[in-house]
Amino acid sequence: MRSSQALRLWREVTEQGVRNAAPDLTQRQLALLLVIYLESPPHMVRELAGRLNVSKPVITRALNTMGELQLVDRYRDPSDKRNVLIKRTVAGSLYLETLSEHIIACAKELPL
């Protein structure tokens, strides 16, 4: 895939995302959601902040928004109550499944 094709694909995916009824996520929120769903748990704010090279409050704000959208949930670590763990939800899984279907559909429409 050439760079122009990659950019066209990204444009098509983002345009389709704007047109559908799914929540609009920022790039930071989407990156965070992908890390949570594509990498093995457990996920903690501190580790996610380090992974994305942002502060813990940035992760907390993103998780607040995604929690309101029911894309993720948070709970206290039963073995260490100081830690807050992030868990996946059915709504978050469905969101990413729909996104992946959009990406595949857009990729099929790209001229080679």
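This note comments on the nonpolar core, a strand pair and a helix pair.

1. The model is predicted: local features need pLDDT of at least 70, side-chain atom pairs count only at pLDDT 80 or more, and totals for chains, interfaces and linings use all residues. Residues are numbered from 1 along each chain as its sequence is written, and side-chain values use heavy atoms, without hydrogens and water.

2. The largest nonpolar core (buried Ala, Val, Leu, Ile, Met, Phe, Trp, Tyr and Cys residues joined through side-chain atoms within 4.5 Å; buried means under 20% relative accessible area with a 1.4 Å probe, protein chains only) has 24 residues. L32, L33, I36, L63 and V72 have the most contacts inside this core. At least two core residues come from each of helix 1 (3-19), helix 2 (27-38), helix 3 (45-52), helix 4 (56-68) and helix 5 (90-109). Helix 2 gives the most, with six residues. Helices (H or I, at least four residues) and strands (E, at least two) are DSSP runs, numbered from the N terminus.

3. Beyond its neighbours within four places in sequence, V72 is in contact (heavy atoms within 4.5 Å) with L33, I36, Y37, L63, M66, G67, I86, K87 and T89. The bridge partner of V72 in strand 3 is R88.

4. Strand 2 (residues 72-77) and strand 3 (residues 80-88) run antiparallel and are joined by six bridges; pairing requires at least two DSSP bridges. A hairpin connects strand 2 to strand 3 through two residues.

5. The axes of helix 2 and helix 3 (lines fitted to C-alpha atoms over the stretch in contact, with angles from 0 to 180 degrees between N-to-C directions) come within 11 Å and cross at roughly 120°. The contact involves A31, L32, V35 and I36 of helix 2 and L48, R51 and L52 of helix 3.

Terms used. Buried < 20%, exposed > 50% of the residue type's maximum accessible area, 1.4 Å probe, protein only.
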